[in-house]
Structures are given as structure tokens and as C-alpha cells.
Amino acid sequence: MKKGKGIAIVCIILACILGLGYFASIILSPTGRGENQNIILGLDLAGGVSITYEIMEKDATAEEISDTVYKLQRRVEDYSTEATVSKEGSDRINVAIPGVTDANEILEELGTPGSLEFQDPEGNVVLTGDDIVDAQPSYENDNGTQRPVVELTFTDEAAVTFEELTGNNIGKVVPIVYDGEVISSPQVNSKITGGKAVIQGQESYQEAEILASQIRIGSLSLELQELSSQVVGASLGEEAISSALLAAAIGLALIIVFLIAFYWIAGIATTLGLLVYATGVVAVIYLFEITLTLPGIAGIILGIGMAVDANVVINARIKEELMQGKSTGAAIKTGYQKALSAIIDGNVTTLIAAAVLAMKGSGTVKGFAYTLAIGILLSMFTALVVTRYSMYAIHAIGFKDVKYYGAAKEHKTIHFISKRYVFFAVSIAIIAAGFIGEGVNSARGKGAFNYSLEFVGGTSTTVDLGKNYELAEIDSEIVPLIRDALGTAEVQVQKIADTTQVIFKTRNLELEERKKFAQIFTENYSVKQDAISYQNVSETISKEMTSDAVWAVVIAVVLMLIYIWFRFSDFRFASSAIIALVHDILVVITCYALVRISVGSTFIAVMLTILGYSINDTIVTFDRIRENMKSRAKVTQDELKEIADRSITQTLSRSINTSITTFVMVLLLYILGVASIREFSLPLMVGIVSGTYSSICTATELWFEMKIRQRSSKAQNTKGTKKKVKKTA
């Protein structure tokens with residue numbers, strides 16, 4: 001590459017960074033510029049209401065379900081133009097209404113969709129909600145005064161029935177009953193023909209809107225039962241976004257300093273690729289209209305740490321080639337070639353985890369899966385294209401001396417394999433501590449784990465008290481008020497460290513009870529309504545969450561096993577990698593058990609992220625073993641041990657450097673993030689450390705152990721066969 005071309009490429013890449021950076025700044029700004037210039041935010045960030053309904057009819061047709069979804073969509077659009085209604089599975093309907101300010105009022109108005117009936121004065125059902133075409137609030141001119149009314153439109157068939165009903169009940173009341181409760185008692189003034197009617201008597205236009213909405217939703221063909229609901233205050237979401245962006249900015253700056261200090265020119269090229277990645281992720285999420293959730297933000301920030309991985313593998317390879325005396329140009333070319341297989345295999349296995357998350361996870365976990373997958377694909381592109389051409393361009397400009405890249409030093413081989421039984425013992429001790437902790441917690445009546453609502457059901461209320469109360473104060477002052485208001489003895493309190501937020505966990509609360517709950521804080525502690533968020537989960541959902549968590553891990557492990565077996569053509573590589581993964585899962589579970597971290601929806605995301613991260617680390621080492629064994633048709637046990645030790649040593653700096661960058665990003669999330677992000681990031685940090693440990697001290701050692709035991713078994717079989725042949729002769 002000529003110098004002029006190199007300068008042009010660097011300028012193009014810098015222009016792309018500036019352009020993407022400007023685009024990302026617009027997207028991430030509080031209001032955006034122009035119409036629809038912001039990323040779609042999930043309820044946990046924008047605030048609002050989320051409800052999951054179960055269809056009660058077991059034989060509901062596709063047409064009935066589709067009709068119900070359509071009518072609910074029209075209903076919720078009254079609250080927010082961004083509201084969505086979607087079918088989930090065969091018997092679920094999800095309703096999401098972001099950005100609303102009075103979520104409790106919406107829950108009360110929306111209620112549990114059920115039957116709507118028009119009765120005669122004897123209480124007989126004459127018409128139902130299915131007979132209503134539309135109901136809208138309006139104004140009626142009454143001697144020059146505009147009075148609010150509700151205008152009804154009936155089907156053609158129902159119009160005849162309604163004409164008979166009104167004709168037979170002039171001067172009488174015709175009750176409109178919704179779910180067994182009379183919501184309106186209009187008096188019939190005259191016989192009504194033509195299939196249109198007006199309900200008078202509303203004191204305000206808002207009251208007319210509410211009645212019209214209830215009539216419209218009452219026309220649903222199916223009866224729905226609330227399975228779970230969540231109310232999130234917008235203020236909590238704003239705090240989450242600002243803290244996450246701060247964590248990302250600080251983490252990115254620290255990683256850039258680290259890369260340049262450690263890899264010099266290669267570090268500068270990597271930085272250019274990393275900046276394209278960070279700004280590109282924002283653009284892709286916006287362009288593909290992916291809803292951004294709190295775990296999704298965590299996925300992006302985690303992705304920044306993991307995006308460094310491919311570049312670290314490449315840079316380490318380049319330094320090794322320079323150590324062998326190659327020119328910088330040849331070293332760059334060969335370094336990319338040798339790193340390719342490890343990068344592809346490592347990222348494909350992580351993509352497997354992301355795919356399983358997308359299939360088996362809940363809404364917010366799916367958001368994490370999407371951003372994680374985008375991050376993986378984009379990091380491969382930036383490492384193999386952007387960083388690569390940046391490296392060639394900088395080299396062409398004139399930075400060709402080895403001193404700008406730093407040749408690797410020949411490190412003395414560390415004898416990891418001979419210490420394998422010590423490593424195995426340490427792992428067993430840690431995992432055993434987890435099982436003991438689970439048993440002790442169960443015996444004390446606390447439960448083996450601190451399950452959140454997603455796994456056990458109930459109502460969780462997060463309140464920002466605006467003041468840092470001690471746990472003893474909360475137990476003595478606030479909890480008794482809650483017990484009196486709700487008539488329940490069991491109230492669990494969780495104080496979120498370094499914040500003024502407190503989580504109260506109770507049995508499932510009905511809407512009226514939730515309003516009483518909120519009243520305690522608004523009246524006694526001057527807490528604003530948008531500083532209170534709720535999550536209501538039924539037992540049905542909790543059972544499904546448990547099942548999904550188990551199946552997600554099992555499916556991911558099996559798919560990874562098959563892929564590694566296929567790529568390495570050796571079941572011992574695959575099985576040792578999977579055992580190391582199970583080791584990491586058990587270590588993280590130990591963390592959950594001993595530290596009593598809440599086991600909730602993000603538990604699945606943590607486990608599968610650890611699977612993807614850990615296997616990535618292990619594959620880099622296995623790839624080096626495969627490479628070092630290519631030139632040898634047959635090796636002795638001592639030579640096999642030497643190859644294994646040398647391969648671990650050669651990839652050691654890469655494992656440590658990648659772990660440091662990823663750990664820093666997650667640590668910043670833990671320090672700066674909101675409570676739910678901390679519950680996500682703490683076990684993730686444990687998983688990163690465990691994944692690094694298992695890749696260095698467990699996976700290759702297990703492979704070696706399997707290899708020599710197989711040889712021993714073959715030798716025994718051969719010896720036995722020879723003896724048998726000799727005896728027969």
C-alpha cells in the first residue's frame with residue numbers, strides 16, 4: 001500500500017467515526033432532532049405499564065385472538081401512540097404502554113378485559129360487547145351548552161335488538177355491566193332506531209372518554225386474565241440511562257489508554273476500530289428499530305469490552321511474528337491469517353448463546369440478546385476490516401519500524417499441566433462451598449437462593465424515598481404501615497446500597513392494594529408517583545421462568561458441544577470445554593447462593609453470557625494447541641504436556657488482557673449502574689474471573705487428562721489382546 005492511499009484510508013475512517021459519532025449523539029440526546037430521531041426505549045427506561053394477559057378460552061380461534069389484539073391495540077393507543085399489543089405463544093397477549101405518567105390510573109381504566117353486557121330492568125342480558133362496533137366520547141349541544149356524551153354504534157343485527165330494548169323500556173334504566181359491575185345506568189328517553197345511540201349524564205369529557213374506552217374494550221371476543229404487570233417510573237429509567245452512558249464513556253476511555261500503552265501503533269488502529277464499533281452499535285440499534293432495555297444497555301457496554309478480544313488476539317499474533325524476525329508488513333498479514341480461525345470459532349459460540357437468549361428469554365432479556373448479537377457481529381467487522389485497514393494504512397504512512405509495534409518476548413513456558421490436580425481441587429472446593437451454602441440457607445428457612453418474583457411470583461415495589469433510611473428504620477416505621485394497609489404479615493425489604501431506593505416484596509397485590517401501597521409513601525414521605533415502580537408476576541409465569549432458565553442453558557451447552565466437536569474434530573476438545581463451562585456456571589451459582597443476589601430474569605442472561613465469554617477464551621487456547629500439534633504426527637505424553645503448557649503460556653497475555661478490559665467495563669456498570677444493573681454485573685464479574693481461570697487452569701488440563709487416559713486405555717486393550725492371542729496360540 002502506498003503512502004497516499006494510506007493517508008486516504010485513515011481520513012475516511014476518521015470521517016466515518018466523526019459522522020457516526022454525530023449521528024449517535026443525536027440519537028442519544030434527550031429529545032433528538034426532528035421527528036423520530038431517538039432509539040425506542042423499553043418500559044424499564046421510558047417508564048410506563050407492561051401487562052401480560054392469558055386467554056381464558058381454551059379453544060379460542062386465530063380469528064378471535066387476532067380480533068382481540070386489534071381491539072386492544074386501538075384501546076391502548078388512547079394512552080400513548082407508542083403503545084403496542086402483541087400475541088405471545090398460543091394463549092398470551094402482551095400490552096406495553098411506554099412513556100405514560102399515571103400508570104396506576106391506566107391499570108385501573110384498562111383493568112382485566114372481560115364481558116360487557118346491556119341488560120333490561122329485569123337483569124336479563126340483551127346485548128353484549130360483541131354487538132358494539134364503536135364507542136367514542138363527544139359533545140352534544142344542549143340549549144347552547146356543550147355537554148359530554150358517549151356515542152355508540154351497533155352492528156346491523158344488534159340495531160334491531162336495541163330498537164326493541166329501548167322501545168320496551170322508555171322511562172326506565174338500561175344498565176351497562178362490565179365484568180359484573182354497573183359502569184353506567186342510562187335512562188331510555190325514547191325508542192332508538194338506526195343502530196346509533198347517545199349516553200348522556202357524564203360530568204366531564206374525561207369521564208366520557210373513560211366510559212367509551214370501557215365499552216370498546218368490553219367488546220373483546222375473549223376473556224383475558226392478568227398474569228403479570230409492571231409499572232415503572234420514568235425517573236428511574238432516566239437515572240439508568242445517564243449512569244450507563246457515563247460507565248460506557250469512562251470504560252471506553254480507560255480501554256483506549258490501555259490499548260495504546262500496551263500495543264502502540266496496533267493499539268491506535270484498534271482504537272479506531274473500537275470507536276467505529278461503539279458509534280456503529282448505536283446506529284444499528286436505531287436503524288433496525290430495536291427496542292433498547294436496561295439489560296440491552298448492559299449488553300452494549302459488555303460488548304465494548306468483548307470487542308477488544310478479537311483485536312487482542314490479532315495484536316498478540318503480530319507481536320509473535322515480529323519476535324521471529326519478520327518485517328512489520330509480513331507480521332501484520334500473517335498475524336491476521338493465524339488469528340482468523342480463533343476469532344470465528346470464539347464469536348460463533350458466543351452467537352449461539354445470544355441466539356438461545358433471543359429464543360428463550362423474556363422481553364428485556366431478548367433486548368440483551370439482540371444487542372449482544374449486534375455487538376459480536378459488529379466487533380468481528382471492525383476487527384477484521386476497520387482495524388485491519390487502519391493498521392495497513394498507518395504502516396504505509398511510514399510507521400514501519402518494529403519499535404512502533406513491539407515484538408513479543410520469549411516467555412518461559414509455565415508448567416500448568418503438572419499442577420492440574422491442585423486446580424481441580426480448588427474448583428471443587430469453591431463449588432462445594434456453594435452447595436453447602438444452599439443447604440444452610442434452606443435449613444434456616446431462607447431458601448437455597450434469593451429468588452425474585454419472576455421465579456416465585458408476587459409483587460415487587462421499588463420506591464425512591466429521597467432519603468437514605470437505615471434498614472432498622474424501614475422495618476420499624478414503614479413496614480408496619482404496609483402490613484396495616486394490606487393486611488399481610490409477610491413483607492420482604494431489600495435496601496439498594498448507595499442509593500435512596502428500597503424494594504418491598506409482598507404477595508400478589510390487586511390494583512386497589514397497589515394504590516393503597518403508593519398512598520403510604522405519597523402521603524407520609526412526600527414521594528412522587530413516578531418514583532414508584534411495580535412488578536406483578538403470577539405463579540404461572542414464575543414456573544415458566546424456571547423452566548426457560550434450565551432449558552436455555554441446556555440448549556446452549558448442547559449446541560456449543562456440537563459446534564466445537566465439528567470444528568476441532570475431537571470430542572475431547574468439546575467435552576473438556578463443556579465441563580469447563582459447567583464449572584463456570586456452578587461458580588456463578590455459588591456466588592448467587594452465598595451473596596444472596598436476587599435470582600431473576602437477568603439470571604438467564606448472566607448464565608448464557610458467561611457461557612459465551614468463557615468458551616471464547618477456551619477456544620483461543622484450543623486453537624493454539626491444534627496449531628502446535630499440526631506439525632507432529634505422533635507425540636509422547638511428555639511432548640503432549642509440553643505442547644499444552646506452551647499453548648497456554650502463548651495465549652496467557654491475551655486471556656489476561658481481554659479479561660481486564662471486559663472486567664473494567666462490567667465493574668464500572670456495577671459502580672455507576674442502578675440496582676437492577678448491579679444485580680446483573682456482580683455475578684458477571686465473578687463469571688469473567690471464573691471463565692479466565694477455567695480457560696487457563698481447567699479446560700486444557702481436562703483435555704490433557706482425557707488424552708492420556710485414552711492412550712492408557714488403548715495400551716491396556718492392546719496388551720490384553722496380545723496376551724489373549726498368545727494364550728490361544
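**Sheets, helix packing and buried helix positions in the predicted model**

Four strands are arranged as an open sheet with the order β5-β4-β8-β9, and the pairing within this sheet is antiparallel. The edges of the sheet are occupied by β5 and by β9 (181-184), each of which has a single partner strand, so that one side of each remains without a neighbour in the sheet. From one strand to the next, the twist averages 40°. The description given here refers to a predicted model, and every value reported below was computed from that model.

Within this sheet, strand β4, which comprises residues 116-119, is joined to strand β5, residues 125-128, in the antiparallel sense over three bridges. On its other pairing, β4 is joined to strand β8, residues 176-178, again in the antiparallel sense and over three bridges. The residue F118 takes part in both pairings, since its bridge partner in β5 is L127, while its bridge partner in β8 is I176. The hairpin formed by β4 and β5 has five residues between the strands, and in this hairpin G123 adopts a positive phi near 90°. As a general matter, the strands of a sheet pair through backbone hydrogen bonds, in either a parallel or an antiparallel manner.

A further open sheet is formed by three strands in the order β6-β7-β10, where the pairing is likewise antiparallel. Here β6 (132-142) and β10 (196-199) stand at the edges with a single partner strand each, and therefore one side of each is left without a neighbour in the sheet. Neighbouring strands of this sheet are turned against each other by 30° on average, with direction ignored. Strand β7, residues 145-154, pairs with β10 in the antiparallel sense over four bridges, and L152 stands opposite A197 in β10.

Turning to the helices, helix α10 (residues 328-360) packs against helix α18 (residues 602-629) at an angle of about 160°, the two axes being 8 Å apart. Because angles over 145 degrees count as roughly antiparallel, α10 is assigned as roughly antiparallel to α18. The crossing in which α10 passes α18 is right-handed. On the side of α10, the contact is made by K338, S341, A342, D345, G346, T349, T350, A353, V356 and L357, and on the side of α18 it is made by I604, A605, L608, G612, I615, N616, I619, V620, D623, R626 and E627. By class, the residues of this contact between α10 and α18 divide into ten nonpolar, six polar and five charged.

A second helix pair consists of helix α14 (residues 471-486) and helix α15 (residues 511-524), whose axes come within 10 Å and cross at roughly 145°. The passage of α14 across α15 is also a right-handed crossing. The residues of α14 that meet α15 are I478, L481, I482, A485 and L486, and their counterparts in α15 are E513, K516, F517, I520, F521 and N524. In the contact of α14 with α15, eight residues are nonpolar, one is polar and two are charged.

Two positions in helix α11 were examined individually. T371 is found in helix α11, which spans residues 363-397, and T371 is buried, with a relative accessible area of 2%. When residues up to four places away in sequence are not counted, T371 touches I285, L292, G296, G299 and I300. L378 is also found in helix α11, and at 17% relative accessibility L378 counts as buried, because the cut-off for that class is under 20% relative accessible area. Leaving aside the neighbours of L378 within four places in sequence, L378 is in contact with Y277, G280 and V281. The C-alpha atoms of L378 and A307 are separated by 8.3 Å, although these residues are 71 residues apart along the chain.

At the level of the whole chain, the model contains 21 helices and 17 strands. Of the 729 residues in the chain, buried residues make up 53%. Among the contacts in the chain between residues at least 6 apart in sequence, 76% join residues that are at least 24 apart.

Terms used
Residues are numbered from 1 along each chain as its sequence is written. This is a predicted model: local features need pLDDT of at least 70, side-chain atom pairs count only at pLDDT 80 or more; totals for chains, interfaces and linings use all residues. Side-chain values use heavy atoms; hydrogens and water are left out. Axes are lines fitted to C-alpha atoms, for helices over the stretch in contact, and angles run from 0 to 180 degrees between N-to-C directions. Angles under 35 degrees count as roughly parallel, over 145 as roughly antiparallel, 65 to 115 as roughly perpendicular and the rest as oblique. A crossing is left-handed if the near helix is turned anticlockwise from the far one by less than a right angle, and right-handed if clockwise. Contact means heavy atoms within 4.5 Å. Ala, Val, Leu, Ile, Met, Phe, Trp, Tyr, Cys and Pro count as nonpolar, Asp, Glu, Lys and Arg as charged, and the others, Gly among them, as polar. Two strands pair if DSSP finds at least two bridges between them. Buried means under 20% relative accessible area, exposed over 50%, partly exposed in between (1.4 Å probe, protein chains only).
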